[in-house]
Amino acid sequence: MIDRPGAADGPTQVSIGIWIVDISNIDSAQQSFTAEVAVVLRWKDPRLAHTGEGVVRHPLEQIWHPRVAIVNETNSVTRKFPDSVEVEPDGVVNYRQRYAGAFTQPLRLQSFPFDRQTFRVQLVAVRYRSNEVKFVPDQDWIRNGLKQGGGIAPSITLPDWTVEKWETKSLGYALAPGFEYSGYVFQFTASRDVQHYILKVILPLILIVAMSWAGFWIDPVNANSQISVAVTSMLTLIAYRYAVDTQVPRLPYMTRMDAFFLVSTLLVFLSLIEVLVTTILDNNQQTALAKKIDRYCRVIFPAIFAITSIVIFAHPRG
């Protein structure tokens with residue numbers, strides 16, 4: 001290995017600038033996001049100073065470099081630029097790279113679809129600890145108006161999320177207990193746009209549940225019609241649930257949407273039970289009692305559904 005510059009004088013300072021060129025997708029089911037990330041590293045190595053004009057290019061593997069890697073990149077990530085550096089006459093080394101692909105990100109989906117998530121691009125100096133390599137925001141970028149030496153392009157193509165804020169910071173990466181390497185993080189917080197889920201998931205689900213209540217207005221004498229409405233609502237709800245399940249991973253906990261589906265399923269199932277009870281009462285010549293139960297259920301079921309829906313969705317974003 002080539003020794004780092006100024007090894008006897010303390011940690012080697014590496015300036016870093018990170019620019020998110022684009023964020024094209026966030027996949028909750030795969031717990032990943034797809035982005036293009038531009039990274040600029042700058043450090044000084046007096047051993048590479050030269051008397052020529054302009055810059056001198058060197059292959060990356062022929063000089064010392066901080067061995068920066070993105071720890072949460074997937075196999076789909078590609079590097080757009082060749083692995084080479086440009087050295088200025090005073091020995092300042094510039095390395096530029098552009099990464100494109102998917103990056104893993106564990107998500108907390110308890111509040112899905114009314115959730116807010118933090119996403120990271122985690123860089124680490126492989127083999128170097130914080131007392132050997134120190135990452136700092138690039139001052140040239142800061143002087144040019146890019147606060148914290150980073151930023152996100154204003155015209156990203158992310159369709160169903162809203163980026164609220166971002167930040168950069170030095171953060172060590174623990175490969176194993178006792179083995180923490182110097183690292184740097186660009187992270188952004190985004191909230192999911194809920195219009196899609198309200199219009200295409202929640203509203204149709206409300207209509208399916210309300211459809212199951214139609215049996216309360218049908219005379220118990222017409223038992224076949226009542227049962228047909230209740231069974232159709234139940235089967236529609238089950239099929240609809242399978243369609244929505246593809247949008248989230250299999251989780252060991254319930255999301256808000258899971259709770260809403262559970263309440264909806266229970267109410268539709270209880271509607272079916274109520275229809276069976278009133279049918280049995282009508283067959284036993286207790287039609288008046290059956291109609292009375294129907295009248296009560298016309299109020300009780302919508303009230304329960306409205307109250308539980310408010311409890312599930314009223315609290316703030318997670």
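# A guided look at loops, a buried serine and a cavity

Guide: Welcome! Let us start with Pro113, which sits in the loop that runs between strand 7 (92-104) and strand 8 (116-125). Please keep in mind that this is a predicted model.

Visitor: Which residue does a cis peptide bond join to Pro113?

Guide: The partner is Phe112: the bond between Phe112 and Pro113 is cis, with omega at about 5°. To read this feature, look at the omega angle of the bond that links the two residues.

Visitor: What is phi of Gln31 near?

Guide: It is near 55°, and the point to notice is the sign: this is a positive phi in a residue other than glycine. You will find Gln31 in the loop from strand 1 (12-27) to strand 2 (32-44). Gln285 also has a positive phi, near 65°, and it too is a residue other than glycine. Gln285 belongs to the loop between helix 4 (256-283) and helix 5 (287-313).

Visitor: Is Gln285 buried or exposed?

Guide: Here a cut-off helps: a residue counts as exposed when its relative accessible area is over 50%. Gln285 has a relative accessible area of 70%, so it is exposed.

Visitor: And Ser233, is it buried or exposed?

Guide: The matching cut-off for buried is under 20%. Ser233 has a relative accessible area of 0%, so it is buried. This serine is part of helix 3 (residues 223-245).

Visitor: Which residues does Ser233 touch, not counting those up to four places away in sequence?

Guide: With those sequence neighbours left out, Ser233 touches Ile208, Met211, Ser212 and Val268. Now look along the chain to Val229: its backbone oxygen lies 2.9 Å from a polar atom of the Ser233 side chain.

Visitor: Now for empty space. How many cavities of 30 Å³ or more does the structure hold?

Guide: Here is the general idea: rolling a probe the size of a water molecule over the atoms shows where empty space is left. In this model there is 1 cavity of 30 Å³ or more. The largest cavity has about 40 Å³ of space.

Visitor: Which residues line the largest cavity?

Guide: Its lining consists of Phe112, Arg241, Val244, Asp245, Val248, Thr255, Met257, Asp258 and Phe261. Helix 3 and helix 4 are the elements that each give two or more residues to that lining. Phe112 is a name you have met already, in the cis peptide bond with Pro113.

Visitor: How many residues of the lining are nonpolar, polar and charged?

Guide: Sorted by class, the lining of the largest cavity has 5 nonpolar, 1 polar and 3 charged residues.

Conventions: Residues are numbered from 1 along each chain as its sequence is written. This is a predicted model: local features need pLDDT of at least 70, side-chain atom pairs count only at pLDDT 80 or more; totals for chains, interfaces and linings use all residues. Side-chain values use heavy atoms; hydrogens and water are left out. Helices (H or I, at least four residues) and strands (E, at least two) are DSSP runs, numbered from the N terminus. Buried means under 20% relative accessible area, exposed over 50%, partly exposed in between (1.4 Å probe, protein chains only). A polar contact is a pair of N or O atoms within 3.5 Å; within protein, one must be able to donate a hydrogen and the other to accept it, and residues adjacent in sequence count only if both atoms are side-chain atoms. Contact means heavy atoms within 4.5 Å. On a 1 Å grid over the protein atoms alone, a cavity is a set of points where a 1.4 Å probe fits but cannot get out, and a pocket is an open set with protein on both sides within 12 Å along at least five of seven lines; lining residues have an atom within 4 Å of a point. Grid points are joined across faces, edges and corners, and a volume is the space filled by probe spheres set on the points. Ala, Val, Leu, Ile, Met, Phe, Trp, Tyr, Cys and Pro count as nonpolar, Asp, Glu, Lys and Arg as charged, and the others, Gly among them, as polar.
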